[in-house]
Amino acid sequence: MTLGLDRPLATALFDSLDRQPPDALLAVIGLHRADPRPDKIDVGVGVYRDAAGATPVMRAVKAAEARLLAGQDSKSYLGAEGDQRYTDLLATVALGDTLAADPRITGIQTPGGTGALRLAAELIARSGKAPTIWIGTPTWPNHGPIFREADLTVRTHAYFDTACSDLDFDTFVAGLAEARTGDVLLLHGCCHNPTGTGFSTEQWQTLATLTAARGLIPLIDLAYQGLGRGLDEDAAGMRGMLAAVPEALVAYSCDKNFALYRERVGALWVQAATPAAAIPVRETMLVLARSLWSMPPDHGAAVVRLILEDAEFALDWRAELAEMCARINDLRAALGRAHPALAPIAGQQGLFALLPIDRDAVATLRTLHGIYMPDAGRINIAGLRVDTVAPFVAALTPHLPHC
Ligand SMILES: Cc1ncc(COP(=O)(O)O)c(C=O)c1O
């Protein structure tokens with residue numbers, strides 16, 4: 001008997017894999033870390049920072065973690081849906097009371113907003129309808145890969161006017177001319193990454209009318225609720241959209257607004273056409289989740305559940321989130337005042353803004369001034385402090401367009 005060990009392998013399993021480019025943002029982080037200059041500025045990494053430059057654990061999270069540690073008596077498995085009470089309580093924050101009670105809407109916990117988007121992609125693929133996913137650009141760099149990895153077709157259309165540093169709504173809508181009934185339209189619910197722009201109330205209404213009339217299915221990525229204008233304000237456009245269309249998906253992240261980043265806390269809600277249709281949707285979500293990650297990590301979701309269950313914790317979380325939001329908006333106002341080319345930033349929202357500069361300027365800022373951002377010129381507003389706005393804008397000014 002021979003085991004066939006003497007036969008040479010025709011091919012190695014992995015010999016067709018290509019080298020992959022390093023993550024651009026991680027490279028920026030590495031360069032910043034290695035820079036010895038004490039006055040260096042990191043506006044690259046996409047996490048909230050306080051005035052001391054820290055990304056602290058929120059007060060309510062600390063309190064809830066202490067309660068969880070003292071009271072949790074089992075680490076036994078939960079189901080593929082994760083902590084359902086977490087998802088249901090979070091639905092009242094994200095969707096509002098009316099939609100949270102709508103029997104057409106079903107949701108489960110996911111590993112972060114990324115997990116929610118990936119589950120959405122798999123669910124859409126499982127529909128068998130092969131819709132195209134329409135994504136306005138620029139966008140969060142992971143959006144395209146998430147849908148393509150699920151074998152979906154992605155088409156992009158312009159969202160942003162670089163010259164005006166503003167959303168180009170007419171071009172965005174015109175870019176949907178070839179979208180077909182049943183195609184999926186990805187929308188940032190608020191605090192657009194990377195541009196910081198957002199739809200006005202009227203624009204959300206126009207989009208809701210258009211989406212309903214054309215039979216498009218909105219997939220709303222809500223990753224920064226509460227960091228733009230406020231919890232309800234940031235969700236208003238998405239809620240209006242859900243009320244206007246029969247079917248929709250909402251991919252949610254708690255990783256920014258609860259500052260739970262590495263705990264990977266998210267949820268996916270799907271609005272089906274009828275309560276009866278929501279049942280197989282939910283069952284399919286559970287089957288897909290089972291093969292993707294079996295069940296999501298528990299800790300962060302349990303913390304969010306404890307916060308939302310306890311009136312005092314919830315109040316403190318809302319207060320601290322409002323403080324974070326106010327700090328970002330104060331910095332936005334300071335940037336807007338500091339240079340006419342930065343004026344649009346004052347009226348935009350969330351952590352990010354896209355500077356009207358090219359990659360050469362980004363490189364010069366890095367080498368000459370120790371200011372770190374990705375090549376596209378996206379900045380994390382919270383990487384600044386009131387006292388670093390002036391040196392930041394002074395270094396930036398030679399590279400800004402004259403207005
Ligand atoms: C627009 C957008 N959607 C989703 C996510 C994913 O968030 P999470 O870290 O919860 O996976 C991010 C993260 O940066 C994001 O910017």
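**Exercise 1. Where is the place of Pro 194?**

Before we start, this is a predicted model, in which local features need pLDDT of at least 70 and side-chain atom pairs count only at pLDDT 80 or more, while totals for chains, interfaces and linings use all residues. Residues are numbered from 1 along each chain as its sequence is written.

Solution. Start with the elements: helices (H or I, at least four residues) and strands (E, at least two) are DSSP runs, numbered from the N terminus. Pro 194 sits in the loop between strand S7 (184–188) and helix H8 (201–214). Now look at the bond before it: the step from Asn 193 to Pro 194 is cis, with omega near 20°. Asn 193 also turns up among the residues around the ligand.

There's another cis bond to find, from Thr 137 to Pro 138, with omega near 5°. Pro 138 belongs to the loop between S3 and helix H6 (143–149).

**Exercise 2. Work out what surrounds the ligand.**

Solution. First, list the shell, counting a residue as near if its C-beta atom, placed from the backbone, lies within 6 Å of the molecule. The list includes Trp 140, His 188, Asp 221, Ser 253 and Asp 255. Next, sort the shell by class: 2 nonpolar, 8 polar and 2 charged. Here Ala, Val, Leu, Ile, Met, Phe, Trp, Tyr, Cys and Pro count as nonpolar, Asp, Glu, Lys and Arg as charged, and the others, Gly among them, as polar. Finally, ask which element gives the most: that's helix H5 (residues 112–126), with 3 residues.

**Exercise 3. Lay out the sheet and find its edges.**

Solution. Pairing comes first: two strands pair if DSSP finds at least two bridges between them. That gives an open sheet of 7 strands in the order S2-S10-S9-S8-S7-S3-S4, with mixed pairing. Strand S2 (105–111) and strand S4 (153–158) are the edges; each has a single partner strand, so one side of each has no neighbour in the sheet. On average, neighbouring strands are turned by 20° against each other, direction ignored.

Zoom in on one pair: S3 (residues 132–137) and S4 run parallel, joined by 6 bridges. Within it, Gly 136 has His 157 of S4 as its bridge partner.

Then add a helix, taking residues as in contact if their C-beta atoms, placed from the backbone, lie within 7 Å. Helix H10 (residues 275–292) packs on the sheet, touching S2 and S10, and its direction makes about 10° with that of S2. Axes are lines fitted to C-alpha atoms, for helices over the stretch in contact, and angles run from 0 to 180 degrees between N-to-C directions.

**Exercise 4. Describe how H2 meets H12.**

Solution. The axes of helix H2 (residues 59–71) and helix H12 (residues 311–338) come within 8 Å and cross at roughly 150°. That makes H2 roughly antiparallel to H12, a label for angles over 145 degrees. The contact is made by Arg 59, Ala 60, Ala 63 and Ala 64 of H2 with Phe 313, Asp 316, Trp 317 and Glu 320 of H12. Sorted by class, this contact has 5 nonpolar, no polar and 3 charged residues.

**Exercise 5. Split the chain into domains and inspect the contact.**

Solution. The domain assignment gives domain 1 (24–56 + 324–399) and domain 2 (77–309); such bounds come from an automatic or database domain assignment. Their centres, taken over C-alpha atoms, are 28 Å apart. Domain 1 brings 18 residues to the contact and domain 2 brings 23. On the domain 1 side, H12, helix H13 (343–347) and strand S11 (352–354) each give two or more residues. That side has 13 nonpolar, 4 polar and 1 charged residues.

Key: Two residues are in contact if their C-beta atoms, placed from the backbone, lie within 7 Å. Angles under 35 degrees count as roughly parallel, over 145 as roughly antiparallel, 65 to 115 as roughly perpendicular and the rest as oblique.
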